[in-house]
Amino acid sequence: MPAMVVLPSCRPLARRVLFDKVHAILCNRITGEDDEYLVQWKTSAPTQTPPLSWHSVFELQRCLELVQDYLEERATLLRAAPPLNSLSKKRKSPDSEPNFERQSSPSKQNFQASCRIPSTERSPSVSSVSLPTSTNRNRLTVTSAAAVVDVYNGVLDSENGFIVARSESSPDIPRMRLQDIPTPEMAQAARRAKTTNAETLVRAAYLRRLSRVPGKKIHLVNTVDSSTPSLRYRYIPEYVLREGVFRVSLEAQEGCDKCSPHMGRDIGCEYTKKCRCLEYAAVDVSRCDDDQMKLHRRIEETGEGTTEERLSLPKRFPYYAEGTKRARAGCLVPFYLNSRHAIYECNDNCKCGPTCRNKNVQFGRVVELEIFKTASGRGWGLRCRQKLYEGQFVDTYRGEIITDEEATRREAAASSRDKASYLYSLDKFQESEQLPDEEIYVVDGEFMGGPSKFMNHSCEPNCRQYTVSYNKHDPKVYDLAFFACRDIPAGEELTFDYLDKEEADDIVEVSEGAIPCLCGAEKCRKWLWT
Ligand SMILES: C[S@@+](CC[C@H](N)C(=O)[O-])C[C@H]1O[C@@H](n2cnc3c(N)ncnc32)[C@H](O)[C@@H]1O
């Protein structure tokens, strides 16, 4: 991993640029010790000459998402461009510069523009232009060589302690058109300039976010390059419901009322027929007598059965109780581990209380996870710092819950099939509840969620995703929970199969845009999905 630079957290008197005033970061350079970034300021109307100004990364601490966007594009372009020394051997004309000078969106578009230098409008000296002085008493004045800032098409002001830019076109203000940025000199300087300060600040900001996520610590490790997962990702403890999505309110959810917190061993929710939360749990056919078997078959065939009829059947409890093998307590029992049956947990309205053994996933993650950069081109991955036992709960998948229509819209708007890896339909009960397609909700975990967003696919996975409901009367909103499907040594990457097994068996032909699978498993199906 590249050496990290320790930076002071805040410079005295440093002023900041606010995120919502900035359109994009267009270029970078190094001045003294500081990496600096060229800011394109937002304007009320589209223009080819918006205010542009260079700022040290310390002034951009409130815009680190934008700095990170720029760094990512820059890294991609640098990977694609020939090394600098091959360029220096033979000087190329601006029009034959490598791709680095031809990025797109938003800084890419600027890099893509032709690299002609404007003959008359260019700043006389890009390295020594100071802020134009003004009669405005709020205007920032540049007093030392270290604070020299280049500004084009405008002037910088100070507003409530933050730096802002205003368009201005007086003759002493250097002019620069967007399409001319970066100039060949800028592009060359950008390639050479270190971006270490920015990388360090981006990483520190991400670590701060991770430290605020409830539950056991989440670590971040990158021994591959200097990147950090996107700062645009928001960690959320619960689903965020978007327009058109409704769930049964938590207060209104029905709890078990005949159980009690002190039923004692062998008579807790898991041992009694009293627990109403287990109404739809898997029937334990090995404990059914003939009449119960008949009833069970009828309910299975017709899908119909009264609550009392369902409750009269012996059920399979999802979790090993304490007092079984120590390592297994709280782990999924083999029946659920190997089936697709939904798991029904007790909830806050149950009489069994908080220590009920039928509560697990709802308490959230209790294992220490590590987000790490994979060395095999699969981006970031997830692993656990401790050994996990077969059937042990890892974490839930969180995100925005959106309507089916919105999910279709987001998928169509996405630029690649990557989007599909973040969308999970909550369709477990679609058939049994006869819900039409358009009523099915979808979880989108691309922009917000938990660390499980980083779980990669494997054709021979060590985890599996299960349906967990605490509210048997809400077939549309439930949890997607990951459990270890075998013992997993500490530090082994956690993976699951992005395709359900039955779907996987059906793969016939590969469609355009399918993502090649790099899981490395012996029985790899070669594609993430088809
Ligand atoms: C839900 S994300 C997993 C986290 C992701 N690696 C990241 O860095 O954000 C799914 C994406 O990871 C990548 N990915 C996951 N498993 C993969 C695999 N087995 N082979 C190749 N790419 C994989 C694909 O780009 C996929 O669209």
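By class, the residues that surround the ligand in this predicted model comprise 8 nonpolar, 4 polar and 3 charged ones. The shell holds 15 residues, and those that come nearest to the ligand are Gly379, Trp380, Ser421, Asn456 and Leu518. For orientation along the chain, the UniProt record, an unreviewed entry, carries the annotation "domain: SET" for residues 367-499. In the model, this span is 8% helix and 33% strand, and its end C-alpha atoms lie 25 Å apart.

The domain assignment offers a wider view of the protein. Domain 1 covers residues 16-212, while domain 2 is made of two segments, 213-277 and 327-530. Where the two meet, domain 1 contributes 13 residues to the contact and domain 2 contributes 11. On the side of domain 1 that touches domain 2, two elements give two or more residues each, namely α1 (64-80) and α5 (196-211). Helix α5 supplies the largest share of that side, with 8 residues. Sorted by class, the side of domain 1 that touches domain 2 has 7 nonpolar residues, 5 charged residues and 1 polar residue.

A helpful landmark to trace next is an open sheet. Its 4 strands follow the order β2-β3-β4-β5, with antiparallel pairing. Strands β2 (22-31) and β5 (151-152) are the edges, each pairing on one side only. Between them in the order, β3 (residues 34-41) and β4 (residues 52-56) run antiparallel and are joined by 5 bridges. Within this pair of strands, Gln40 stands opposite Leu52 of β4. Helix α1, already met at the domain contact, lies across β2 and β3 and runs at about 65° to β2.

Two spots in the backbone deserve a look when following the chain. Most residues other than glycine have a negative phi, and most peptide bonds are trans. Asn153 departs from the first pattern, with a positive phi of about 60° although it is not a glycine. This asparagine, Asn153, is found in the loop between β5 and β6 (154-159), and β5 is one of the edge strands of the open sheet. The second spot is the peptide bond that joins Ile181 and Pro182, which is cis, with omega at about 0°. Pro182 itself lies in the loop between β7 (162-167) and α4 (184-192).

Technical notes: Residues are numbered from 1 along each chain as its sequence is written. This is a predicted model: local features need pLDDT of at least 70, side-chain atom pairs count only at pLDDT 80 or more; totals for chains, interfaces and linings use all residues. Domain bounds come from an automatic or database domain assignment. Two residues are in contact if their C-beta atoms, placed from the backbone, lie within 7 Å. Ala, Val, Leu, Ile, Met, Phe, Trp, Tyr, Cys and Pro count as nonpolar, Asp, Glu, Lys and Arg as charged, and the others, Gly among them, as polar. A residue is near a molecule or strand if its C-beta atom, placed from the backbone, lies within 6 Å of it. Two strands pair if DSSP finds at least two bridges between them. Axes are lines fitted to C-alpha atoms, for helices over the stretch in contact, and angles run from 0 to 180 degrees between N-to-C directions. UniProt positions are given in the numbering used here, feature names are shortened, and annotations may be inferred rather than shown by experiment.
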